[in-house]
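Hi everyone, thanks for making the time. I'd like to walk you through one structure today, so let's get it up on the screen.

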Amino acid sequence: MKITLKTSVLRAALICAAKKDLRYYLQGVCVSINHPQIAMVYGTDGHILFAGQSPIEVIEAPENYGFDLIIPSDTIKAIDKKADFVTLVTIPSLPKDYYVLGNTSFQAIDARYPDISRVVPARDAFSELKISYFDPELIVKGNEALSMYYGDKKGKVFPLSQRGDYSGAIHNNQNNAVVVVMPMRNEPGTYQGLNPDFMQVQQKAA
């Protein structure tokens, strides 16, 4: 097999992938190859998930379509920062699951990646909108991932669809990429305002 992948998609997924986790398979980016023109790319740490399409060019077709490949995070980080596309190649002379991505050889992580189809909300999931409470760091991370994916400047804020205690979705009003964010379970609390007693002089100095 020899195909090309879009590097910005891999990097977007890496932003949401786990940095340290007992679930070692989350410390990588999953590439799902089911179609000769589009690959699905995923990255998650269990609290936030990036899922996006990557256009691919098939130079040498795989034996079969319909398989997942988990690429270690360090391999993604090693991609040439100036490259828009990177080549993924199998190494026939080595045991199964050895590949080259760009100039880096690696062994794919041997594990089953979570079933993303069960995590991404359906299109009609937000027919009834309810306020959610999200970890601000996850929202920043999700916007950063989509900015990377779409080639926007870092700091852009994308639409956020909410549905109460269920997962929310950061998106670009398109169906080629989405970031799914799990809400915080904390109670919203009761706003108390700000005590005005010490905002003005209460008595004149003696």
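Here's a question to get us going: which residues does N143 touch, if we don't count residues up to four places away in sequence? Before I answer, please keep in mind that what you see is a predicted model.

Let's find N143 together. You'll see it in helix α3, which covers residues 136-150. Is N143 buried or exposed? Its relative accessible area is 8%, and anything under 20% is called buried, so N143 is buried. And the answer to my opening question: N143 is in contact with K156, V157, F158 and I170.

One of those partners, F158, takes us nicely to the aromatic residues. F158 is buried as well, because its relative accessible area is 6%, under the 20% limit. How many aromatic pairs does the structure hold? There are five. As a reminder, we describe a pair of aromatic rings by two things, the distance of the centres and the angle of the planes.

Let me show you two of these pairs. Y99 and F106 are stacked, with 5.7 Å from centre to centre and 25° between the planes. Both Y99 and F106 are buried. Now turn to Y150 and F158: here the ring centres are 6.1 Å apart and the planes meet at 35°, so this pair counts as tilted. Y150 and F158 also belong to a cluster, and its other members are F50 and Y149.

While we're on rings, have a look at F126. Which residue lies over its face? That's R163, at 5.3 Å from the ring centre.

Next, a backbone detail that I enjoyed. N173 isn't a glycine, yet its phi is positive, at about 60°. You can find N173 in the loop that links β11, residues 166-170, to β12. With a relative accessible area of 63%, above the 50% cut-off, N173 is exposed.

If we carry on past β12, which spans 177-181, the segment after it contains M184. M184 has a relative accessibility of 32%, which lies between the 20% and 50% limits, so we call it partly exposed. Which residues join M184 in a nonpolar surface patch? They are I131 and Y133, and the patch comes to about 300 Å².

So, to go back to where we started: N143 is a buried residue of helix α3, and F158 is among the residues it touches. Thanks for listening, and I'm happy to turn the model around for anyone who'd like another look.

Methods. Residues numbered from 1 in each chain as written. Predicted model: local features only at pLDDT ≥ 70, side-chain atom pairs only at ≥ 80, totals over all residues. Heavy atoms only, no water. Patch = residues over 30% accessible without salt bridge, like charges linked within 9 Å, V, L, I, M, F, W, Y side chains within 5 Å. Areas by Shrake-Rupley, 256 points an atom, 1.4 Å probe, with all protein chains shown as cover. Salt bridge = Lys/Arg side-chain N within 4 Å of Asp/Glu carboxyl O. Helix = DSSP H or I, 4+ residues; strand = E, 2+ residues; numbered from the N terminus. Buried < 20%, exposed > 50% of the residue type's maximum accessible area, 1.4 Å probe, protein only. Contact = heavy atoms within 4.5 Å. Phe/Tyr/Trp six-rings, centres within 6.5 Å; stacked < 30°, edge-to-face > 60°. Lys NZ or Arg CZ within 6 Å of the ring centre and 35° of its normal.
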